[in-house]
Amino acid sequence: SDPWTIMSSYNVINGHRASENKELLEDILRGEWGFQGMIMTDWTTTEIDEKCTASGCMRAGNDLVMPGCFGDHDNMRKALAEGTLKIEDLKACIARLVSVIWKSNQYLQ
């Protein structure tokens with residue numbers, strides 16, 4: 001069906017939340033299945049517990065953390081400063097988000 005977006009979930013798979021499961025999102029979804037669209041988290045994923053972070057979701061392959069909870073910006077800035085989140089990976093997330101906006105033609109309105 002070639003969807004433009006997919007939402008990751010709260011579910012725990014092999015000890016990792018789907019939203020922080022790089023094997024699932026990057027290796028299988030993008031790699032094996034060839035998904036080229038945008039992946040976003042389920043609503044308030046980063047508020048589930050202290051282990052689920054915005055930077056962890058981005059490292060795993062989410063392009064957008066929904067809805068953007070308190071602490072997410074600080075968490076991502078800290079991860080960028082520490083080098084645990086690479087600016088190149090963040091730019092790839094932004095590129096996929098912009099691609100969906102571009103395809104939607106909603107930027108014209």
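**Asp63**

I began with the contacts of Asp63 in this predicted model. Beyond its neighbours within four places in sequence, Asp63 is in contact with Arg30, Gly37, Met38, Ile39, Met58, Ala92, Cys93 and Arg96. I placed Asp63 in the loop between α2 and α3. Is Asp63 buried or exposed? Its relative accessible area is 5%, and the cut-off for buried is under 20%, so Asp63 counts as buried. I then looked for a polar partner of this acidic side chain and found Arg96: the two side chains are joined by a polar contact of 2.7 Å. Arg96 is also on the contact list of Asp63.

**Thr41**

Next I went to Thr41, which sits in the loop between β4 (38-40) and α2 (54-60). The relative accessibility of Thr41 is 1%, so I noted the residue as buried. Which backbone atom does the side chain of Thr41 reach? I found the backbone nitrogen of Met66, at 2.8 Å. Setting aside residues within four places in sequence, I listed Met7, Ser8, Ser19, Cys57, Asn62, Leu64, Val65 and Met66 as the contacts of Thr41.

**Met66 and Pro67**

Having arrived at Met66, I checked the peptide bond that joins Met66 to Pro67. The bond is cis, with omega at about -5°. Pro67 belongs to the loop between α2 and α3 (72-82). I noted that Asp63 is placed in the loop between α2 and α3 as well.

**Phe70**

I looked up one further residue of the loop between α2 and α3, namely Phe70. Is Phe70 buried or exposed? Phe70 has a relative accessible area of 86%; the cut-off for exposed is over 50%, so Phe70 is exposed. I also took the C-alpha to C-alpha distance from Phe70 to Thr46, which is 9.1 Å, with the two positions 24 residues apart in sequence numbering.

**Ala60**

I moved back to helix α2, where Ala60 is found. Ala60 has 2% relative accessibility and therefore counts as buried. What does Ala60 touch, not counting residues up to four places away in sequence? I recorded Ser19, Glu20, Asn21, Lys22, Leu25 and Glu26. For Leu25 I also noted the spacing: Ala60 and Leu25 are 35 residues apart in sequence, while their C-alpha atoms are 6.5 Å apart in space.

**Leu29**

I then looked at helix α1 (residues 22-32), which holds Leu29. With 9% relative accessibility, Leu29 counts as buried. Leaving out residues up to four places away in sequence, I found Leu29 touching Ile6, Leu24, Gly34, Phe35 and Ile39. Ile39 also appears among the contacts of Asp63. I took the distance from Leu29 to Met7 too: C-alpha to C-alpha it is 12 Å, at a separation of 22 residues in sequence. Met7 is one of the residues in contact with Thr41.

**Positive phi angles**

I looked up two residues with positive phi that are not glycine. Asp2 has phi of about 55° and lies in the segment before β1 (5-7). Its relative accessible area is 66%, so I noted Asp2 as exposed. Asn14 has phi of about 50°. Where does Asn14 lie? I found Asn14 in the loop between β2 (12-13) and β3 (16-17). Its relative accessibility is 71%, so Asn14 counts as exposed.

**Whole chain**

I finished with the chain as a whole. I recorded four helices and four strands, in the order β-β-β-α-β-α-α-α along the sequence. The radius of gyration is 14 Å, close to the 13 Å that the globule rule gives for 109 residues, so the chain is as compact as a globular protein of that length. The C-alpha trace spans about 35 × 30 × 25 Å along its principal axes.

Buried residues account for 34% of the 109 residues; Asp63, Thr41, Ala60 and Leu29 are among them. Which share of the contacts between residues at least 6 apart in sequence joins residues at least 24 apart? I noted 59%.

The chain exposes about 7000 Å², with carbon and sulfur atoms supplying 55% of that area. I closed with the charges: there are 11 positive and 16 negative side chains, and the centres of the two sets are 4 Å apart.

Methods: Residues numbered from 1 in each chain as written. Predicted model: local features only at pLDDT ≥ 70, side-chain atom pairs only at ≥ 80, totals over all residues. Heavy atoms only, no water. Helix = DSSP H or I, 4+ residues; strand = E, 2+ residues; numbered from the N terminus. Rg over C-alpha atoms; globule rule 2.2 N^0.38 Å. Buried < 20%, exposed > 50% of the residue type's maximum accessible area, 1.4 Å probe, protein only. Contact = heavy atoms within 4.5 Å. Areas by Shrake-Rupley, 256 points an atom, 1.4 Å probe, with all protein chains shown as cover. Lys, Arg positive; Asp, Glu negative; His and termini not counted. Charge placed at Lys NZ, Arg CZ, Asp CG, Glu CD. Polar contact = N/O pair within 3.5 Å; in protein donor to acceptor, adjacent residues only side chain to side chain.
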